[in-house]
Amino acid sequence: TEEGKTVTLDVPLASCKSMTWQDTVDGAMVIGGVENTLSIHGSLTLSEGMSWNSNGDLNFFGSGAKTLDLKGVNFAAYNVYLDDPDAIWTMVTDLSGNNTYLNVVRGGFETDGNDLLVRRFISSNSNQRSISLGNSDVTIIQFWFMSTTTNLDFDAGTSTIHWNASNTYSFQASGLIFHDLDMSIDSGAASLQGDMSFSHINKEG
């Protein structure tokens, strides 16, 4: 699209192979309602000067190595699903989604040292899948849901999870080994639930 133009997702289900926004496209915007879903069967590359204001779900499919190059653009997608047993999605820049629920359903997900910020991080199923956090800073605004870890290959690396916990939020995991947890409780109560271990826990509030 041209500079400053808007792309509207206005159908229940749209799909594409890979989606790439050139860095020269400044001020472009993607909008759409929560009822409008986009399925991408490849990689996603955003431009630093754009906005992703579509609240609809975003499904990633397609086998092979895929990249998520979101350049720290504040991502408004509500649910993001990574769902292909033969795919590996690798972040090549920071991913920031204040209202995003990141769901690793099947396949592999690697942060590769980039920062990740989401509202909820979810991978609680029995599908074959892998998650590698490298040395990333991972910020969770509400919940961490990994109570069912059957067939999950999890590598926390030397990552630090920053958990902004309040209002009875919970961090759920089963049989997982984490590196560092930086836990901040502004109000209410928060709980660690399940069989898990950490190299270090820092708690404020």
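In this predicted model, the side chains of T111 and S136 are joined by a polar contact of 2.7 Å. T111 itself is found in the loop between β11 (95–110) and β12 (116–122), and because its relative accessibility is 0%, T111 counts as buried, the cut-off for that class being under 20%. Once its neighbours within four places in sequence are left aside, T111 is in contact with M91, L116, S132, L133, G134 and S136, so that S136 appears both among these contacts and as the polar partner of the T111 side chain.

One of the residues in contact with T111, M91, leads on to the pairing of the strands. M91 lies in β10, where M91 is the bridge partner of L68, and β10 (residues 79–91) pairs with β9 in the parallel sense over five bridges. On another strand, β6 (residues 44–45), two bridges are made to β9 (residues 64–69), and these two strands likewise run parallel; here T45 stands opposite D69 in β9.

A further group of strands, β1, β4 and β7, forms an open sheet in the order β1-β4-β7, with parallel pairing. Since β1 (6–9) and β7 (51–54) each have a single partner strand and stand at the edges, one side of each is left without a neighbour in the sheet. Averaged over the sheet and with direction ignored, neighbouring strands are turned by 15 degrees against each other. Within this sheet, β1 is paired with β4 (residues 29–32) over four bridges in the parallel sense, and the bridge partner of T8 in β4 is I31.

The strand pairs for which bridges are given can be set side by side.

| Strand pair | Sense | Bridges |
|---|---|---|
| β6 and β9 | parallel | two bridges |
| β9 and β10 | parallel | five bridges |
| β1 and β4 | parallel | four bridges |

As a general matter, strands of a sheet pair through backbone hydrogen bonds, either parallel or antiparallel.

Turning to enclosed space, the count comes to two cavities of 30 Å³ or more, and the largest cavity holds about 50 Å³ of space. Its lining is made up of F60, L68, L70, F75, V80, L95, T100, L102 and V118, and the largest share of that lining, three residues, comes from β11. L68 therefore links two parts of this description, because L68 has M91 in β10 as its bridge partner and also, by the criterion of an atom within 4 Å of a cavity point, lines the largest cavity.

Terms used: Residues are numbered from 1 along each chain as its sequence is written. This is a predicted model: local features need pLDDT of at least 70, side-chain atom pairs count only at pLDDT 80 or more; totals for chains, interfaces and linings use all residues. Side-chain values use heavy atoms; hydrogens and water are left out. Two strands pair if DSSP finds at least two bridges between them. Buried means under 20% relative accessible area, exposed over 50%, partly exposed in between (1.4 Å probe, protein chains only). A polar contact is a pair of N or O atoms within 3.5 Å; within protein, one must be able to donate a hydrogen and the other to accept it, and residues adjacent in sequence count only if both atoms are side-chain atoms. Contact means heavy atoms within 4.5 Å. Axes are lines fitted to C-alpha atoms, for helices over the stretch in contact, and angles run from 0 to 180 degrees between N-to-C directions. On a 1 Å grid over the protein atoms alone, a cavity is a set of points where a 1.4 Å probe fits but cannot get out, and a pocket is an open set with protein on both sides within 12 Å along at least five of seven lines; lining residues have an atom within 4 Å of a point. Grid points are joined across faces, edges and corners, and a volume is the space filled by probe spheres set on the points.
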